[in-house]
Amino acid sequence: MKKIKHLVLGITGGIAAYKAAELARLLVKQGISVQVVMTDAACQFITPITMQALSGRAVHTKMWDASIANGMPHIELSRKADAILVAPASADFMAKLVHGNADDLLSTLCLARDCPLLVAPAMNKQMWESPATQRNLTQLLKDGVMILGPDSGVQACGETGLGRMLEPEDLLAELLSSLNAELPARPLTGKRILITAGPTIEKIDPVRAITNLSSGKMGYSIAEAAIEMGAEVTLVSGPTNLKAPDLAKVVTVESGAEMLNAVMANITNQDIFISVAAVADYRVASPSTEKIKKSNAALNIELVPNEDILAKVAALPNTPFCVGFAAESENLLAYAEEKRKRKHIPLIVANLVSEALGRDESTLTILDDQGAHPLPKSSKLKSAHALLMHIANML
Ligand code: CTP
């Protein structure tokens, strides 16, 4: 059975828009990522801020959005979705769909979609029963649009009859049965995961530093995958250019010492610790408070070791399940296994520097007590899912 993971939730103008807030919360709780798109009229009934807080993603309301790569949200958003659900759908919006109008973002998105469209009508009973709406309903069904509801009962206007939007729980059930789909697997539900990511930078003076080369992509992908799989994620990140997943608690740091402090401050009650950060092994013994001036003489900078964060966490009395990363340029599996033993951790992930650094894909090998488990070369997000599935099975 197909799993439904990404949904566009369209909201049009109607009093039932308040139920869309509860629906978004319910969908997110069930592990579905929800991208909310609202019409101008919907914004009169409920604010985009409310929907952003509940869905954990910025809400789209406008057709022309410069923040989207090609400036065409109507194409971009529908390509990522398993389905579009418009709830509530007003009589006007149903009419627009019938005619293929595309004069705002949501109607354009529906017209440009390559995924199923589901519509949950909500309107006054007279509007629902009107010949025009009934004609539109027939046409939408003919066009393959799935109609969820409406329900019958007391309406906001005080009248009783057909036209109420289905309740959020019923909408979710109808959505799954209409698409013959099931909820995504969430094997990390209830688990707390602390992840470190990115490089650390160690100051030499106010304008110079030593650092490790790391984009942070692997750690951020693991954070995103862990959230999709139901975990509560804390991300301790060195400097990167990446956007953190909306639902993660993020602590940003610069140096290895700051990263250590942030990890220790957040480690209590964590179930899993995944140390992906490329922590600098050394820091400058005494960074200069003023900019060091150029001279022709050789410059010696004394470096002292940074504490090993992973080894320290692994040695805690109530240590979480600890996972390390080993990026090596040679002797990959032997060096990685040596680190796993030295740091007393149950699992380490080995990858070759040449195949990892800054790339969008990765080729990982998991090493645990059972031996080596190579994962196929794939996107960092897919590799992250596979790694987390392995961890979930071990737990
Ligand atoms: N690590 C850490 N704290 C450090 C150094 C490393 O937590 N001060 C963690 C990394 O996040 C990674 C693992 O230890 O999960 C291995 O890091 P790596 O740099 O590959 O290993 P090192 O132990 O530093 O050994 P070397 O640099 O000699 O390869």
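The paragraphs below look at a pair of packed helices and then at a strand with its two partners, in a model that is predicted.

We begin with the helices. Two packed helices are described by the angle between their axes and the distance between the axes. Here, helix α1, which covers residues 17-29, packs with helix α3, which covers residues 48-55, at an angle of about 15°, and their axes lie 8 Å apart. Because angles under 35 degrees count as roughly parallel, α1 and α3 are described as roughly parallel to each other. The crossing in which α1 passes α3 is right-handed.

Which residues in α1 and α3 meet? On the side of α1 they are A20, A21, A24, R25 and V28, and on the side of α3 they are M51, L54 and S55. Sorted by class, this contact of α1 with α3 has six nonpolar residues, together with one polar and one charged residue.

We turn next to strand β5, made up of residues 117-121, which is mostly covered, since five of its five residues are buried. The covering concerns both faces of the strand: L117, V119 and P121 are buried on one side, while L118 and A120 are buried on the other.

Strand β5 also has pairing partners. Strand β4, residues 83-89, runs parallel to β5 and is joined to it by four bridges, and within this pairing V86 stands opposite V119 of β5. Strand β6, residues 146-147, likewise pairs with β5 in the parallel sense, over two bridges, and here V119 stands opposite I147 of β6. V119 can therefore serve the reader as a point from which to find both partners, as it stands opposite V86 and opposite I147 in β6.

Technical notes. Residues numbered from 1 in each chain as written. Predicted model: local features only at pLDDT ≥ 70, side-chain atom pairs only at ≥ 80, totals over all residues. Heavy atoms only, no water. Axes fitted to C-alpha atoms, helices over the stretch in contact; angles between N-to-C directions. Parallel < 35°, antiparallel > 145°, perpendicular 65-115°, else oblique. Left-handed = near helix turned anticlockwise from the far one by under 90°. Contact = heavy atoms within 4.5 Å. Nonpolar A, V, L, I, M, F, W, Y, C, P; charged D, E, K, R; others polar. Buried < 20%, exposed > 50% of the residue type's maximum accessible area, 1.4 Å probe, protein only. Pairing = 2+ DSSP bridges.
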